[in-house]
Amino acid sequence: MADTDPDDTTDTPLTGSALRRGARLASLPAGFAARTTWGIGRRLVGAPAAAVMTDVQRRTADQVFSVLGQLKGGAMKFGQALSIFEAALPEEVIAPYREALTKLQDAAPPMGTPTVRRVMVREFGEDWPERFPDFEMTPAAAASIGQVHHSWFIAEPGDEPVEVAVKLQYPGAAEALNSDLRQIGRLARMLGTMMPGVDVKALVRELQERVAEELDYSLEADAQARFAEAFAGDPDVLVPAPLAHTERALVTTWLPGDRSLADVIADGTQEERDRLGETYVRFLFQGPARAGLLHADPHPGNFRVLPDGRLGVVDYGAVARLPDGLPAPMGPLLRAAADGDYETVAEGLRQEGFVRQGSRVDPAVLERYLAPIVEPVAVEAFAFDRDWLRRQGQRLASPGAEGMGTALKLTVPPSYLLIHRVWAGGVGVLCQLGATARFRAIVAESLPGFEPA
């Protein structure tokens, strides 16, 4: 068993005390206010408004990603969720920070060796080294509320050791997660200016609502077991099976390889981008029908590229329980939109609660609002890219009936919130990949009622 940790300079699992974490997050609105005042001053002396706004956005993004990148807990969780949507930001704003976002998707500083030992004793007892021979103290991966160690595992005396991943929750994760998300919720207005196409308030609210579930690894073990059974033998996807768990530790079979979908975004071949992009969205969309669950944390770091070309999927702390599959109206409504039947679409959205009470949506305006978004299911293969997503975000956020005028009449019902996040996140990652995908065929496989009977 390894006894040294190359980065054991601190035994604090979450960066800094609650007071210091709060101070770092509190620095964000102060910096934003200063930049806004500076921008107003520049406009008063004749600087173009668009150029000033872009500069304010760029400087805000710089500070936000710097702070989020230094913290774990809710700050890291929010940063990872935000990173899915980077493709929607203007290129001049996001280009300098894409590398920082990629790091948020797939890495975080580890906790020290003494803390790891204490956590293992707490979760598995003093004799844990006998059950976990060759436990590696240096983590193989780290994220928002936990980190993963490579080891071997003996379930019962006399059993052959099995190669495993041991996921350990950071001490203090619950307090940090809740505190960070409360403070980030108060920063929603500022963050909205940086990412105008993303509903930051809704994103934070959803993360807050799912905190308790994500902190209980027993729930995660159950969800992962159901996915592992549902996708057993799948030629394209591997779900590692859970072997043991406590409320704050999870042992699963080991996934080989050291690349993730985030690495494919950074330097993958076009063949990898296309093939793995299709596999990625197919897994997300088929989960409800096959497992009765929707994997609701679609950031690329959770999708590992295995040496044999398959995608290994990890992190089942955030799931939506859909025992009857995706809502039955989704397939027919999306098909009607693809066919240009927006009378049916408008009525269906009203019945499902997507139209705000007291509002009326004109089908012709709705078509101009939605048709460009529906384009990927209207053709056999669609080339996703950042420019396309950026245009859609800017168009939907623009003033007028075909932008904010329609958006303000629509809402996402509670039963669709996680579905909407996963769908939007999946499309965002396809755009980051620059993948050409047979999206229509994937939708037809996953949504009953999309294909005519």
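The largest nonpolar core in this predicted model runs to 67 residues, and the ones with the most contacts inside it are Phe227, Leu261, Phe283, Leu366 and Phe384. Helix H20, spanning residues 417-433, chips in with 8 residues and so is the top contributor to this core. Nothing odd there: in soluble globular proteins, nonpolar side chains tend to be buried together. To get a feel for the packing, take Phe283. Leaving aside residues up to four places away in sequence, Phe283 touches Phe227, Phe231, Val237, Val239, His295, Phe303, Val313 and Tyr316. Another core, of 26 residues, lies apart from the 67-residue one; Met120, Trp128, Met137 and Val166 are among its members.

Next comes the sheet. Five strands make up an open sheet, ordered E1-E2-E3-E6-E5, with antiparallel pairing. E1 (141-142) and E5 (242-245) sit at the edges with a single partner strand each, so one side of each has no neighbour in the sheet. At the E1 end, 2 bridges tie E1 to E2 (residues 146-153), and Ala141 faces Val148 of E2. Further along, E3 and E6 are linked by 5 bridges, with Val166 standing opposite Val251 of E6. That is the Val166 listed in the 26-residue core. At the other edge, E5 and E6 share 3 bridges, one of the pairs being His245 with Leu250 in E6. E5 and E6 also form a hairpin, with 3 residues in between.

Two helices pack against these strands. Helix H6 (residues 113-124) lies across E2, E3 (162-169) and E6 (249-253), and its direction is at about 100 degrees to E3. Helix H12 (residues 217-230) touches E2, E3, E5 and E6, making about 20 degrees with the direction of E6. E6 itself is mostly covered, with 4 of its 5 residues buried.

Helix H18 (residues 386-396) buries a mixed bag of side chains: Arg386, Trp388, Leu389, Arg390, Gln392 and Gly393. Asp385 caps the N-terminal end of H18, where a side-chain oxygen comes to 3.2 Å from the backbone nitrogen of Asp387.

As for confidence, pLDDT averages 80 over the protein, and 70% of the residues score at least 70. Two stretches drop below 50. Residues 1-17 stay under 50, and the model gives them 45 contacts beyond four places in sequence. Residues 29-53 are also below 50, with 26 contacts beyond near neighbours in sequence.

How values were computed: Residues are numbered from 1 along each chain as its sequence is written. Side-chain values use heavy atoms; hydrogens and water are left out. pLDDT is the predictor's confidence in each residue, from 0 to 100. Contact means heavy atoms within 4.5 Å. Buried means under 20% relative accessible area, exposed over 50%, partly exposed in between (1.4 Å probe, protein chains only). A polar contact is a pair of N or O atoms within 3.5 Å; within protein, one must be able to donate a hydrogen and the other to accept it, and residues adjacent in sequence count only if both atoms are side-chain atoms. A nonpolar core is a set of buried Ala, Val, Leu, Ile, Met, Phe, Trp, Tyr and Cys residues joined through side-chain atoms within 4.5 Å. Two strands pair if DSSP finds at least two bridges between them. Axes are lines fitted to C-alpha atoms, for helices over the stretch in contact, and angles run from 0 to 180 degrees between N-to-C directions.
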